[in-house]
Amino acid sequence: QLQLVESGGGLVQPGGSLRLSCAASGFTFGRYAIGWFRQAPGKGREDISCISSSDSTTAYTDSVKGRFTISRDNAKNTVYLQMNGLKPEDTAVYYCAARRAGCGRFYDYWGQGTQVTVSS
């Protein structure tokens, strides 16, 4: 059974860091691009980063560039999102999702999400 499980969320002070993990099982992980998304209360889902399956090409939305870093470890079937310089506006539920091959708009499989709260 295909599964994506996010972990690593929590409460952090502004300027702090968190590393989110997206652990995958039940499919050939190395053939899938993985994206990170977030949804804040009362707002729509935001596409924040993606890493491709083949050459690990990465992409970021402007609001997280220079602060967040996406990476993957195919041996561990895991994608990471290192988040530095966190701001209160980064507070959201963070989701990872998978799609075949390269990054794109539509994803086939989704995790359940992990809460990130940035507050003093």
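Let's start in a loop: asparagine 77 sits between β7 and β8 (78–83), with strands taken as DSSP E runs of at least two residues, numbered from the N terminus. The model is predicted, so local features need pLDDT of at least 70 and side-chain atom pairs 80 or more, while totals for chains, interfaces and linings use all residues. Numbering starts from 1 along each chain as its sequence is written, and side-chain values use heavy atoms, leaving out hydrogens and water.

Back to asparagine 77: its phi is near 50°, a positive value in a residue other than glycine. Most residues other than glycine have a negative phi. Asparagine 77 counts as partly exposed because its relative accessibility is 24%, where buried is under 20%, exposed over 50% and partly exposed in between (1.4 Å probe, protein chains only).

The strands flanking that loop belong to an open, antiparallel sheet of four, ordered β1-β3-β8-β7; pairing takes at least two DSSP bridges. At the edges, β1 (3–7) and β7 (68–73) each pair on one side only. Five bridges tie β1 to β3 (residues 18–25), and glutamate 6 has cysteine 22 in β3 as its bridge partner.

Now for the inside. The largest nonpolar core (buried Ala, Val, Leu, Ile, Met, Phe, Trp, Tyr and Cys joined through side-chain atoms within 4.5 Å) has 27 residues, and Trp36, Phe68 and Tyr94 are among those touching the most other members. Strands supplying at least two core residues each include β3, β7 and β8. Apart from this core lies another, of five residues, including Phe37 and Cys50.
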